[in-house]
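Trainee: I have a new structure to look at and I'm not sure how to start. Could you walk me through it?

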Amino acid sequence: MLLLLTDNVSLRAQGIDDISPMAIYNIGLVGCDSIGVNVLKTFISTGEARCVAVFDEKTTLAESAEREITSIQDKAPLLYNDYCKMLDRRDLDIILIAVSKEEQDKFFLKACEYDKNIILRYPSVYLRKRYNLLSMQHIECLV
């Protein structure tokens with residue numbers, strides 16, 4: 001598992017480049033407000049990522065994000081109303097968690113259970129200390 005904790009969009013895009021050169025990464029977006037979609041668009045604009053899955057507890061936000069994402073890439077991402085079913089996808093390389101600070105932990109912990117690579121919208125020292133992340137293997141923190 002690789003966890004990228006970043007504070008700005010340019011570092012987020014750099015983080016994808018740092019994982020492995022010459023690959024196209026399949027991203028699952030969790031949290032489909034305008035900020036989450038804009039961060040995702042930054043990844044897609046690198047040419048090294050595509051969105052294959054979208055989840056939001058608010059169906060209307062997920063549907064709106066799906067339409068916006070489809071306008072900038074060849075194939076529409078699949079919409080999920082069950083987060084665990086999205087995490088079951090074997091082709092999902094990175095989970096971009098772009099939800100509120102209050103909701104972040106539940107999505108983060110579930111993605112860890114599925115051993116997914118994770119990018120967080122709200123990185124924090126608190127999160128790293130709370131879950132002792134720096135002692136876990138295969139975790140990189142970019143702050």
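Trainee: Let me pick one residue: is Q73 buried or exposed?

Mentor: Keep in mind that this is a predicted model. To settle a question like yours, compare the relative accessible area with a cut-off: under 20% means buried. Q73 has 13%, so Q73 is buried.

Trainee: Where does Q73 sit along the chain?

Mentor: Look in the loop between α3 (59-70) and β4 (78-80).

Trainee: And which residues does Q73 touch?

Mentor: Leaving out residues up to four places away in sequence, Q73 touches I44, R50 and C51. With C51 there is a polar detail to find: a polar atom of the Q73 side chain lies 2.6 Å from the backbone oxygen of C51.

Trainee: Let's zoom out. How many helices and strands does the protein have?

Mentor: Six helices and six strands. Reading along the sequence gives you the order, β-α-β-α-β-α-β-α-β-α-β-α.

Trainee: What share of the residues is buried?

Mentor: Of the protein's 143 residues, 45% count as buried. You can also ask about the outside: the protein exposes about 7,500 Å², and carbon and sulfur atoms supply 50% of that.

Trainee: How do I read a single strand, say β5?

Mentor: Check its two faces separately. In β5 (residues 94-97), I94 and L96 are buried on one side, and I95 and I97 are buried on the other, so to speak a strand with both faces covered.

Trainee: Which strands are joined to β5?

Mentor: For pairing, look at the bridges and the direction. Strand β2 (residues 25-30) runs parallel to β5, with four bridges joining them; there, L29 stands opposite L96. Strand β6 (residues 117-120) is also parallel to β5 and joined by four bridges. In that pair, I94 has N117 as its bridge partner, while I95 stands opposite I118.

Trainee: What path does the chain take from β5 to β6?

Mentor: The chain goes through α5, making a β-α-β crossover that is right-handed.

Trainee: Which residues of α5 are buried?

Mentor: Helix α5 covers residues 101-113, and its buried residues are Q104, D105, F107, F108, A111 and C112. Just after the helix, have a look at the backbone of D115, where phi is positive, about 55°.

Trainee: One last thing: how much of the contact network joins residues far along the sequence?

Mentor: Take contacts between residues at least 6 apart in sequence: 66% of them join residues at least 24 apart.

Conventions:
Residues numbered from 1 in each chain as written. Predicted model: local features only at pLDDT ≥ 70, side-chain atom pairs only at ≥ 80, totals over all residues. Heavy atoms only, no water. Buried < 20%, exposed > 50% of the residue type's maximum accessible area, 1.4 Å probe, protein only. Helix = DSSP H or I, 4+ residues; strand = E, 2+ residues; numbered from the N terminus. Polar contact = N/O pair within 3.5 Å; in protein donor to acceptor, adjacent residues only side chain to side chain. Contact = heavy atoms within 4.5 Å. Pairing = 2+ DSSP bridges. Right-handed = clockwise from strand over helix to strand, strands pointing away. Areas by Shrake-Rupley, 256 points an atom, 1.4 Å probe, with all protein chains shown as cover.
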